[in-house]
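Here are a few exercises to work through with the model open beside you. Try each task before reading its solution.

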Amino acid sequence: MTTRLADIAIRSAGEGDAQAIAAIYAWHVANGTATFDTVAPDAEAWAEKIADFAGRGFPFLVAEREGGVCAYAYAARFRDRAAYAHTCEDSIYVAHDARGGGVGSVLLKALIEAARGAGFEQMIAVIGGGEPASVALHGKCGFVHAGRMRNVGKKFGQLLDTVYMQCDLTGEGWDNE
C-alpha cells in the first residue's frame with residue numbers, strides 16, 4: 001500500500017472543528033468497538049472538551065486533508081490522583097473513509113511529541129475491543145503491551161476485551177524488561 005501524507009496537516013483543534021470531530025466519533029460509536037460509548041456526544045460537548053483541554057494545556061490535535069478534518073487525537077491525565085500527574089491517556093480516531101492510509105501514524109506521533117511538550121512522561125493507550133488496527137498503530141509508534149482485561153465491555157451483543165499499551169515519553173525505557 002502506498003501512503004500519501006504530503007497533503008496532511010496536523011494542528012491544534014479549535015472550536016470550529018467540533019462538528020467534524022463529532023461526526024468522526026459518532027461513526028465509531030455506531031459501527032465499531034474501539035469505543036464502548038453507545039451514544040455519541042454532540043458537537044457542543046466536543047467544543048466544550050476542546051476548550052477544557054486548551055485551558056488545561058492538554059494536547060488536542062486534528063489532521064486535515066483538503067481543508068477537512070479527517071482524524072483527531074488528544075491526551076489527558078490518565079487518572080485524577082496527583083501521583084498520576086505525569087501520565088496521560090491518548091485517544092485517536094480516524095474518519096472511516098481515511099483509515100489505512102497512514103494518517104493515524106502521523107497524528108499519533110505528533111500527539112506523542114505534544115504530550116511530551118505538555119510535561120507528560122508516560123502515555124497509556126486503553127484500546128476498547130482490543131481493536132487489532134489500533135494495537136498495530138500504537139505498536140508502530142513505540143507502545144508496548146501492558147495488559148489485557150478480558151470481557152469487560154459488551155457492545156453489539158459481544159463481550160469485549162480492553163488492551164492496555166504504554167509508551168515511555170522520556171526516552172529512558174524500562175530496565176526490568
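A residue counts as exposed when its relative accessible area is over 50% and as buried when it is under 20%, with partly exposed in between. Keep in mind that this is a predicted model.

**Exercise 1. Work out which residues of helix H4 are buried and which exposed residues sit on the face turned away from them.**

Step 1: Go along H4, residues 132-140, and pick out the buried positions: Ser 134, Leu 137 and His 138. These three span an arc of only 95° around the axis, so they lie on the same side of H4.

Step 2: The general rule helps here. An α-helix has 3.6 residues a turn, so residues three or four places apart point the same way.

Step 3: Now flip to the face turned away from the buried side, where you'll find the exposed residues Pro 132 and Lys 140.

Step 4: See what the buried residues of H4 pack against: helix H3 (103-117), plus strands E4 (87-94), E5 (122-128) and E7 (158-168).

Step 5: Look just past the helix. Gly 142 follows H4 and has a positive phi, near 100°.

**Exercise 2. Find the strand order of the sheet and name its edge strands.**

Step 1: Trace the seven strands of the open sheet, and you get E1-E2-E3-E4-E5-E7-E6, with mixed pairing.

Step 2: Strand E1 (8-12) and strand E6 (144-155) each pair on one side only, which makes them the edges. Ignoring direction, neighbouring strands are turned by 25° against each other on average.

Step 3: Zoom in on E2 and strand E3 (residues 68-77), which pair in the antiparallel sense over six bridges. Within E3, Gly 68 is the bridge partner of Arg 65.

Step 4: Add the helices. H1 (residues 18-31) lies across E2, E3, E4 and E6, at about 80° to E3. H2 (residues 43-56) lies across E2 and E3, at about 50° to E3.

**Exercise 3. Decide whether Leu 61 is buried or exposed, and list some of its contacts.**

Step 1: Place Leu 61 in strand E2, residues 60-65.

Step 2: Check the accessibility: Leu 61 has 9% relative accessibility, so it counts as buried.

Step 3: Skip the neighbours within four places in sequence. The remaining contacts of Leu 61 include Ile 10, Ala 13, Tyr 72, Leu 107 and Leu 111.

**Exercise 4. Work through the salt bridges of Glu 64, Arg 56 and Asp 161.**

Step 1: Start with the total, which is seven salt bridges. The cut-off is a side-chain nitrogen of Lys or Arg within 4 Å of a carboxyl oxygen of Asp or Glu.

Step 2: Glu 64 meets Arg 11 at 3.1 Å, N to O. This pair links distant parts of the chain, with Glu 64 in strand E2 and Arg 11 in strand E1, 53 residues apart. Asp 17 joins Arg 11 and Glu 64 in a network of salt bridges.

Step 3: Arg 56 meets Asp 52 at 3.4 Å, N to O. Both lie in helix H2, four residues apart, about one turn of the helix.

Step 4: Asp 161 and Arg 148 have their closest N and O atoms 2.8 Å apart. Asp 161 is in strand E7 and Arg 148 in strand E6, so the salt bridge ties together parts 13 residues apart in sequence.

Step 5: Finish with the accessibilities of that last pair. Asp 161, at 15%, counts as buried, whereas Arg 148, at 39%, counts as partly exposed.

Note on methods. Residues are numbered from 1 along each chain as its sequence is written. This is a predicted model: local features need pLDDT of at least 70, side-chain atom pairs count only at pLDDT 80 or more; totals for chains, interfaces and linings use all residues. Side-chain values use heavy atoms; hydrogens and water are left out. Helices (H or I, at least four residues) and strands (E, at least two) are DSSP runs, numbered from the N terminus. Buried means under 20% relative accessible area, exposed over 50%, partly exposed in between (1.4 Å probe, protein chains only). Contact means heavy atoms within 4.5 Å. The arc is that of the directions from the helix axis to the C-beta atoms. Two strands pair if DSSP finds at least two bridges between them. Axes are lines fitted to C-alpha atoms, for helices over the stretch in contact, and angles run from 0 to 180 degrees between N-to-C directions.
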